[in-house]
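Q: Please take a close look at one part of this model and describe its pairing, its charged contacts and its exposure. Then set that part beside the rest of the chain.

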Amino acid sequence: MDIIAAYREAGTYRGAAQITGTTHKTVRRVIARHEAGGAVPPRTPRGHNYDGVAVLVAERVDKTQGRISAKRLLPAARAAGYAGSDRNFRRLVAVQKAAWRREHHRGRRPAVWSPGEHLVIDWGSQGGLRVFCAVLAWCRFRFVRFARDERAETTLALLAECFEVLGGVPGKVLADRMGCLKGGVVANVVVPAPAYVRFAAHYGFRPDFCEAHDPESKGIVEHLVGYAKRDLMVPQAPFADLAAANTAAAAWCAEVNGVTHSETCAVPAEQLVIERELLGPLPSLQASIGRQVTRKVDRLSCVRFGSARYSVPVRLIGHSVRLRTDDGRLLVIMTGTGQVVAEHFLVAPGEASVRDDHYGGPRPAPRRAVRPKTRAEKAFAAALDRAVAFGRWRAADVRSILAAGAGTASPRPAGDALVLELPVVPVRPLADYALGRLS
């Protein structure tokens, strides 16, 4: 039985719905369509409880370039008369943001990287541990290290280590507007910090910065930060210490740089060999990074820092050196050349960190030489030497040796036999010496 026939028989929507096995709302729509001549009746658009504030939301979204949140905008909507739920309002804000993004899309194009041109760097964090990431853009060679902070000294030190691993210096280093490298902003142009300028001049690259709030412009390293978190930090955490974390990071970099990259279809480590020919040369001296103090090497071939002693090579006694702390280590740097001549882990005040190679070998065992001065001491020392030579250890034996005095003989065991080769001379028979022959 169809719905119309069931309705004529039952006379009610619910009765017809029970007969046909449908809902009363469906019966009502079918009967209304039938009474209207078979055409679908026009539907009256239903309004929303947020229609009154839709214009306000659109204006605020456009003013903030799609960054305002529904939580921040809700009090203004309440004041304008909105009485609906928070969920409905969040839906309105999401729709307005999506519409704004469609109308204001920047129309990006894919990046085209040139060999030896760009190194892109960024910081990330996971579980209180900071991770420094860098990508050599053309060959996709990746560099990852861990640190406890994101200070300028730490960033520049890791950047210098990255250059050492790459075996050269790229033309530009692209970073976001990180506060440790930014000195200021003038007319939307980032002015590098003075320390960063000196570092860039020392290595011979040009600092470059992204636009503000534009992470897509350096997405190549943003992906590396997320990859390092998922594949390195989360599976292997927690790390015992920072040294263990960096050891794991170096092994992870060697692994990912040794397999085919999904985008370039080439092995980054092999491509680096090609790109290295276009990188700038490394400077002969290391850059001076961070705050340094000057100390004079004392007579113990040590320098004092933080009420502790640290050894340096003995050839530097009396010379002045510079000290710099870096990631729980103390670096001793030559003042004139910038060469690191000693490296120690920081120790507590009052302790000492001594390396045997600074003194030419391990510490020798203490020796107490016998130095007899009086006549009796000299005689006793000579008696002890004679007792040792003849194996006489009793006190009576020593007394007898003393009584014998220094004039006694000192026998020595027989040596090897003396073997000489005599010259060969002509031999005459005895008959030549007979009396008859002598006349």
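A: A residue counts as buried under 20% relative accessible area, as exposed over 50%, and as partly exposed in between. Arg355 has 33% relative accessibility, so Arg355 counts as partly exposed. The model is predicted.

The part chosen here is the sheet of three strands and the residues around it. This open sheet has the strand order E9-E10-E14, and its pairing is mixed. E9 and E14 are the edge strands, each of which pairs on one side only. Between E9 and E10, which run antiparallel, there are four bridges. Within this pairing, Tyr310 of E10 is the residue that stands opposite Val303. As a general point, the strands of a sheet pair through backbone hydrogen bonds, in either a parallel or an antiparallel manner.

A salt bridge also involves E10. The side chains of Arg309 and Asp298 meet at 2.7 Å, N to O. This pair links distant parts of the chain: Arg309 is in strand E10 (residues 308–311), whereas Asp298 is in the loop between strand E8 (293–296) and strand E9 (302–305), 11 residues apart. Arg309 is partly exposed because its relative accessibility is 28%. Asp298 has a relative accessible area of 24% and is therefore partly exposed too.

Next come Val354 and Arg355. Val354 lies in the loop between strand E14 (352–353) and helix H12 (375–390). Its relative accessibility is 43%, so Val354 counts as partly exposed. Together with Val314, Ile317 and Tyr359, Val354 forms a nonpolar patch on the surface. The accessible area of these four residues together is about 310 Å². The Arg355 side chain meets that of Asp357 in a salt bridge of 3.0 Å, N to O.

For the surroundings, there is another open sheet, with five strands in the order E3-E2-E1-E4-E7 and mixed pairing. Its edge strands, pairing on one side only, are strand E3 (141–147) and strand E7 (206–209). On average, neighbouring strands of this sheet are turned by 25° against each other, direction ignored. Strand E2 (residues 129–136) and E3 run antiparallel and are joined by seven bridges. Ala134 has Phe143 in E3 as its bridge partner. Helix H7 (residues 152–166) lies across strand E1 (118–126), E2, E3 and strand E4 (172–175), and runs at about 145° to E3.

Val135 is a residue of strand E2. At 2% relative accessibility Val135 falls under the 20% limit, so Val135 counts as buried. Leaving aside neighbours within four places in sequence, the contacts of Val135 include Val120, Phe141, Ile220 and Leu224. The C-alpha atom of Val135 is separated by 47 Å from that of Tyr50, which lies 85 residues away along the chain.

Salt bridges are found elsewhere too. Arg151 and Asp149 meet through their side chains at 3.5 Å, N to O. Asp149 has 25% relative accessibility and therefore counts as partly exposed. A network of salt bridges links Asp122, Asp176, Lys218 and Glu222. Over the whole structure, a search finds 13 salt bridges.

Key: Residues are numbered from 1 along each chain as its sequence is written. This is a predicted model: local features need pLDDT of at least 70, side-chain atom pairs count only at pLDDT 80 or more; totals for chains, interfaces and linings use all residues. Side-chain values use heavy atoms; hydrogens and water are left out. Two strands pair if DSSP finds at least two bridges between them. Helices (H or I, at least four residues) and strands (E, at least two) are DSSP runs, numbered from the N terminus. Axes are lines fitted to C-alpha atoms, for helices over the stretch in contact, and angles run from 0 to 180 degrees between N-to-C directions. Contact means heavy atoms within 4.5 Å. Patches are made of residues with over 30% relative accessible area and no salt bridge: like charges are joined within 9 Å, nonpolar side chains (Val, Leu, Ile, Met, Phe, Trp, Tyr) within 5 Å. Accessible areas come from the Shrake-Rupley method with a 1.4 Å probe; for residues, only the protein chains shown count as cover. Buried means under 20% relative accessible area, exposed over 50%, partly exposed in between (1.4 Å probe, protein chains only).
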